[in-house]
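Visitor: I would like a close look at a single part of this protein. Could you start with the charged side chains that pair up, and then walk me outward from there?

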Amino acid sequence: MKLYKFRSLDNFKYTEDIIKNKRLYASDFRKLNDPMEGAFKLLPDVDKRLRDAIIERKLDLKVCSLCEEMNNPLMWAHYANNFQGICIEIEISEDKVTKLDYKKNVLKVTNELNNTDNWAKKILTTKFQEWKYEKEWRILTNNNYVKDINITAIYLGIRISKECIEKLSKYGVPICKTKINHLNKVIEINCS
């Protein structure tokens, strides 16, 4: 399957690291932009030791966020520096990623999954429904990097500088220009 990583080019060395080293950074969930990331509620009949174990396991896991589409203008605006950045297309096996579950209320931990690892992963792949527009998929790992990724294309934001295009073109990855169509979707117009 193909998923997408939106990137600002403000700190080019981090984007260059992705392309050059074929790896994605995986972050501590507490550093993600949603302050409710990792939130859950323990139901009264659940042993508090499970809560403590879930919290500990969540701290071990790192999160790498990807999007299922490259054409959403909100993603370009929020994560690719108002169309001055890029969107990296990655081909990945579906068994390595989890599609997020979007809920109206905070996730309630029950005795049903009485397994620390399962609960930690479920919590870190659940967000409030207000974030649904992101169509997010996640890689959960114990490492700081997801290595050996297969980059299949780089989509350029419509406001990207010529200097950045030149820097990106030296890596041998297909570079695709984009535009916004009449439906307010970002579309590919030319790949080289």
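Guide: Happily. In this predicted model, R138 and E136 bring their side chains together in a salt bridge, with 2.6 Å from N to O. Both of these residues, R138 and E136, are buried. The pair also belongs to something wider: through salt bridges with shared partners, E37, K127, E134, E136 and R138 are joined into one network.

One member of that network leads us to an enclosed space. K127 is among the residues nearest the centre of the largest cavity, along with M36, A39, T126 and F128. The lining of this cavity comprises 13 residues, and strand β10 (residues 126-128) contributes the most, with three residues. By character, the lining of the largest cavity splits into six nonpolar, three polar and four charged residues. Its volume is about 100 Å³, and the structure holds one cavity of 30 Å³ or more.

Another thread runs from E136 and R138 to an open space. Strand β11 (136-141) supplies at least two residues of the lining of the largest pocket, and so much can also be said of β1 (2-7), α1 (12-21), β2 (23-25), β5 and α3. The largest share, five residues, comes from β5. Altogether 27 residues line the largest pocket, and K5, R7, L32, S65 and Y79 lie nearest its centre. The space in this pocket is about 760 Å³. Its lining divides into 14 nonpolar, three polar and 10 charged residues.

Now follow the chain past β5. K99 forms a salt bridge with E68, and their closest N and O atoms are 3.4 Å apart. Since K99 lies in strand β7 (residues 98-99) and E68 in the loop between β5 (62-67) and α3 (73-79), the pair ties together parts that are 31 residues apart in sequence. K99 counts as partly exposed, at 46% relative accessibility, and E68 counts as partly exposed too, at 29%.

M70 is found in the loop between β5 and α3 as well. With a relative accessible area of 10%, M70 is buried. Its C-alpha atom lies 8.1 Å from that of I187, although M70 and I187 are 117 residues apart in sequence.

Helix α2 makes a good last stop. Its 13 residues (residues 48-60) should span 18 Å at 1.5 Å a residue, and the end C-alpha atoms are 19 Å apart, which agrees. Within α2, L50, I54, R57 and K58 are buried. These four cover an arc of only 100 degrees around the axis, so they sit on the same side of α2. R49 and E56, on the other side of α2, are exposed.

There is a salt bridge to point out here too: D52 pairs with R51, and the closest N and O atoms are 3.2 Å apart. D52 is partly exposed, with a relative accessible area of 41%, and R51 is partly exposed at 29%. The count for the whole model comes to 16 salt bridges, and the R138 and E136 pair we began with is a buried example.

Technical notes:
Residues numbered from 1 in each chain as written. Predicted model: local features only at pLDDT ≥ 70, side-chain atom pairs only at ≥ 80, totals over all residues. Heavy atoms only, no water. Salt bridge = Lys/Arg side-chain N within 4 Å of Asp/Glu carboxyl O. Buried < 20%, exposed > 50% of the residue type's maximum accessible area, 1.4 Å probe, protein only. 1 Å grid on protein atoms, 1.4 Å probe; cavity = no way out; pocket = protein on both sides within 12 Å on 5 of 7 lines; lining within 4 Å. Points joined across faces, edges and corners; volume = space filled by probe spheres on them. Nonpolar A, V, L, I, M, F, W, Y, C, P; charged D, E, K, R; others polar. Expected span 1.5 Å × (residues − 1). Arc of directions from axis to C-beta.
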